[in-house]
Amino acid sequence: MGDTAGMTVAHMVASGMGGIRTSGDLVARMEYAKHMKLKDAKEFVAKKLGVNTIDMADEVVMRELREEMKLGVVTAVPNAPRGIAAKLNIEELLGIKINSCELFRQQTKR
């Protein structure tokens, strides 16, 4: 399976897990960045978030957790990080590099 097909599958899985509404985006990032299998990526992310894999699919639990951990949410929350600020927090939490964050650092010399 080529990169494009692999990315398509990961996008489908992330969407099915609720994407940013829950934890699908975080799981997909681990699949991409560390070439993890779905089960391993879910377990890794759950451990980093301090929840079980069932809670990772609960929109209410994850909404509160994503706000608390400053990981970004679907709807705007006053004074909450979004966009690149949220991605920088995701990078730190998961211990990965995100291309857009790297580009941001290059452009701002950080």
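# Exercises on space and burial

The second largest pocket encloses about 150 Å³ of space. This model is predicted: local features need pLDDT of at least 70, side-chain atom pairs count only at pLDDT 80 or more, and totals for chains, interfaces and linings use all residues. Residues are numbered from 1 along each chain as its sequence is written, and side-chain values use heavy atoms, without hydrogens or water.

**Exercise 1.** Determine which residues line the second largest pocket, and sort them by class.

*Solution.* Step 1. A pocket is an open set of points on a 1 Å grid over the protein atoms alone, with protein on both sides within 12 Å along at least five of seven lines; lining residues have an atom within 4 Å of a point. Its volume is the space filled by probe spheres on points joined across faces, edges and corners.

Step 2. The lining consists of Arg29, Tyr32, Ala33, Ile96, Lys97, Ile98 and Asn99.

Step 3. Helix α2 (residues 24-34) supplies the largest share of this lining, 3 residues. These are Arg29, Tyr32 and Ala33.

Step 4. The classes give 4 nonpolar, 1 polar and 2 charged residues. Tyr32, Ala33, Ile96 and Ile98 are nonpolar, Arg29 and Lys97 are charged, and Asn99 is polar.

**Exercise 2.** State how many cavities of 30 Å³ or more the structure holds, and describe the lining of the largest cavity.

*Solution.* Step 1. In a cavity, a 1.4 Å probe fits but cannot get out.

Step 2. The search of the whole structure yields 1 cavity of 30 Å³ or more. The space in the largest cavity is about 30 Å³.

Step 3. Arg66, Glu67, Lys70, Leu71, Gly72, Val73, Ala80 and Pro81 form the lining of the largest cavity.

Step 4. This lining has 4 nonpolar, 1 polar and 3 charged residues. Leu71, Val73, Ala80 and Pro81 are nonpolar, Gly72 is polar, and Arg66, Glu67 and Lys70 are charged.

**Exercise 3.** Locate Ser23 among the elements of the protein, and decide whether Ser23 is buried or exposed.

*Solution.* Step 1. The protein has 6 helices and 0 strands (DSSP runs, H or I of at least four residues and E of at least two). From the N terminus on, the elements follow the order α-α-α-α-α-α.

Step 2. Ser23 lies in the loop between α1 (3-16) and α2.

Step 3. Ser23 has a relative accessible area of 0% and is therefore buried (under 20%; exposed is over 50%, partly exposed in between; 1.4 Å probe, protein chains only).

Step 4. In the whole protein of 110 residues, 33% count as buried.

Step 5. Ser23 and Lys42 are 19 residues apart along the chain, and their C-alpha atoms are separated by 8.7 Å.
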